[in-house]
Amino acid sequence: MKMMFAMRICALTFLFVAGAVRAGPEFGYTEVYNDDGVTHFRDGMVPLSVKDYAPPAPALAVSARYPARDVAFGKVDAEWIGDWHPAPRRQFIIVLSGTFEIEVGAGEKRTFPAGSSILLSDTEGKGHYSRVVSEEPARFLAIPLTEPIKP
């Protein structure tokens, strides 16, 4: 029962954020990945198609379903710093409030405000450096994946 509830929350959150982040035929996210021990950023897209997802509500753009293991809600203070670390598991991080900054081993930094979706795939090596750059705490949703995203 708990697993079914977590899976439904994952799917609903993914769909909600997909619609909020980008209108159109695709849902965008940023991936942090490891290549020969050095982390990098790359942008990914998941195709969306218009479906009657929850009749009688109007049709909406939604992706294929992706299996997820569970869901965790998190909050970190404005001063939080995550020194260099690999991701504990392959997971989506959906930023709900506040703003994160992530630096990868290749030296690039990106900021992720509320509404951002980040796929952390750097589960080995040095990993990434992350911190909260907003004045308010950052809240997020972590959704570990059980299978790769296939655009």
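Helices (H or I, at least four residues) and strands (E, at least two) are DSSP runs, numbered from the N terminus. With that convention, Pro56 falls in the loop between strand 3 (49-51) and strand 4 (60-62). The bond that joins Pro55 and Pro56 is a cis peptide, with omega about 10°.

This is a predicted model, in which local features need pLDDT of at least 70, side-chain atom pairs count only at pLDDT 80 or more, and totals for chains, interfaces and linings use all residues. Residues are numbered from 1 along each chain as its sequence is written, and side-chain values use heavy atoms, with hydrogens and water left out.

Confidence comes next. pLDDT is the predictor's confidence in each residue, from 0 to 100. Its mean over the protein is 86, and 82% of the residues reach 70 or more. Residues 1-23 are a stretch where pLDDT stays under 50. For that stretch the model has 30 contacts (heavy atoms within 4.5 Å) beyond four places in sequence.

Now the overall build. The protein has 1 helix and 12 strands. Along the sequence, the pattern is α-β-β-β-β-β-β-β-β-β-β-β-β. Of the contacts with a separation of 6 or more, 69% are between residues 24 or more positions apart. The protein has 151 residues, and 42% of them count as buried. Buried means under 20% relative accessible area, exposed over 50%, and partly exposed in between (1.4 Å probe, protein chains only). The protein exposes about 8,400 Å², and carbon and sulfur atoms supply 56% of that area. Accessible areas come from the Shrake-Rupley method with a 1.4 Å probe; for residues, only the protein chains shown count as cover.

Take the sheet of 6 strands. It is open, its order is 2-1-10-7-12-5, and its pairing is mixed. Two strands pair if DSSP finds at least two bridges between them. Strand 2 (38-47) and strand 5 (72-76) are the edge strands, and each pairs on one side only. On average, neighbouring strands of this sheet are turned by 30° against each other, direction ignored. Axes here are lines fitted to C-alpha atoms, for helices over the stretch in contact, and angles run from 0 to 180 degrees between N-to-C directions.

Look at strand 1 (residues 26-35). It pairs with strand 2 in the antiparallel sense, over 10 bridges. Glu26 stands opposite Pro47 in strand 2. Asp36 sits in the loop between strand 1 and strand 2. Asp36 is not a glycine, yet it has a positive phi of about 55°. At 77% relative accessibility, Asp36 counts as exposed.

Turn to the sheet of 4 strands. This open sheet has the order 6-11-8-9, with antiparallel pairing. Strand 6 (81-85) and strand 9 (109-113) stand at the edges; each has a single partner strand, so one side of each is left without a neighbour in the sheet. Neighbouring strands of this sheet are turned by 15° against each other on average, direction ignored.

Strand 8 (residues 99-104) has partners on both sides in that order. With strand 11 (residues 128-132), strand 8 pairs in the antiparallel sense over 5 bridges. There, Phe100 stands opposite Val132 in strand 11. Strand 8 also runs antiparallel to strand 9, and 5 bridges join them. Here Glu101 stands opposite Thr111 in strand 9. In a regular strand the side chains alternate between the two faces of the sheet. The hairpin of strand 8 and strand 9 has 4 residues between the strands. In this hairpin, Gly107 takes a positive phi near 100°.
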